Amino acid sequence: MTKKAEQGDATRRHLVDAAIALFTADGYAETSTTRIVERAGVTRGALYHHFPDKHRLFEAAYEAVQHDVHDRCARAATEAKEAGHGVIGRMLAGMDAYLTACLEAPVQRILLIEGPLVLGWERSVRFGDPYCARQLLRASLDGAARRGLLAPGQAEPLAHLLYGALHQAAVALATAADPAAEREAMSRAVADLVTSRLPAEAAAGAGTG
């Protein structure tokens with residue numbers, strides 16, 4: 001990568017980081033591009049070189065937060081696999097990591113609250129975003145189906161249902177008086193939900209498929 005390209009990437013990162021901080025603190029409507037430029041320490045021309053408008057910058061901030069959550073969920077699932085857990089155990093580990101991430105202000109404000117308002121609710125019910133945690137759920141459920149733990153054709157609808165439950169749990173965390181305690185309760189409820197639909201022995205770690 002050339003020095004100019006590296007500088008461009010750095011500028012873009014500064015803008016996205018500034019946008020995440022300000023959108024988290026004040027929301028989309030109350031955050032101006034002037035404030036974002038000032039916080040990022042770049043020119044307005046640099047902003048418009050990378051993003052045509054505030055909406056596209058918000059989308060980039062949303063995707064950055066989403067990517068971070070996705071990576072943490074994937075890492076938790078990988079660690080569960082290395083510990084000998086089966087496909088459902090790995091899925092539960094990823095879901096648990098998702099709930100933990102949803103205790104954080106940027107995740108709550110940008111993904112859960114502002115995202116559906118700014119980007120539209122349709123985005124929250126599709127599999128198009130490569131770094132949406134729903135993709136990890138579907139991959140795990142596809143694995144469960146291959147092992148005969150799910151009936152054919154059930155992986156995708158069940159991924160929607162479980163992600164919807166996770167999303168609602170995350171919203172509850174965002175408004176809970178004691179988020180840490182609520183997170184533990186939600187984690188237990190999610191595990192009960194999964195093991196009631198799938199074999200408990202698989203969730204406990206049987207198999208590594």
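Begin by selecting L166, which is found in helix α8 (residues 155-175); helices here are DSSP runs of H or I with at least four residues, numbered from the N terminus. L166 is buried, with a relative accessible area of 2% (buried means under 20%, exposed over 50%, partly exposed in between, with a 1.4 Å probe and protein chains only). The model is a predicted one, in which local features need pLDDT of at least 70, side-chain atom pairs count only at pLDDT 80 or more, and totals for chains, interfaces and linings use all residues. Residues are numbered from 1 along each chain as its sequence is written, and side-chain values use heavy atoms, with hydrogens and water left out.

Next, display the surroundings of L166. Apart from neighbours within four places in sequence, L166 is in contact (heavy atoms within 4.5 Å) with M95, Y98, L99, L137 and V190. The C-alpha atoms of L166 and M186 are 8.6 Å apart, although 20 residues separate the two along the chain.

Remaining with helix α8, select E156 together with R138. These residues form a salt bridge whose closest N and O atoms are 3.3 Å apart (a side-chain nitrogen of Lys or Arg within 4 Å of a carboxyl oxygen of Asp or Glu). Because R138 lies in helix α7 and E156 in helix α8, the pair ties together parts that are 18 residues apart in sequence. Both are partly exposed, R138 at 24% and E156 at 37%.

Move now to E104 and R72, another salt bridge, with closest N and O atoms 2.8 Å apart. E104 lies in the loop between α5 and α6, whereas R72 belongs to helix α4, 32 residues away. Adding D68 to the selection shows a network of salt bridges that links D68, R72 and E104. The structure holds eight salt bridges; one of them joins R35 and D26 at 2.8 Å, N to O.

Turn then to helix α7, which supplies seven residues, the largest share, to the lining of the largest pocket. Of the 21 lining residues, A77, R90, L136, A139 and S140 lie nearest the centre of this pocket. Helices α4 (54-82) and α5 (87-101), like α7 (133-146), each give two or more residues to the lining.

Finally, colour the chain by pLDDT, the predictor's confidence in each residue, from 0 to 100. The chain averages 88, while values stay under 50 over residues 200-209. Where pLDDT is low, the predicted coordinates should not be read in detail.

Technical notes: 1 Å grid on protein atoms, 1.4 Å probe; cavity = no way out; pocket = protein on both sides within 12 Å on 5 of 7 lines; lining within 4 Å.
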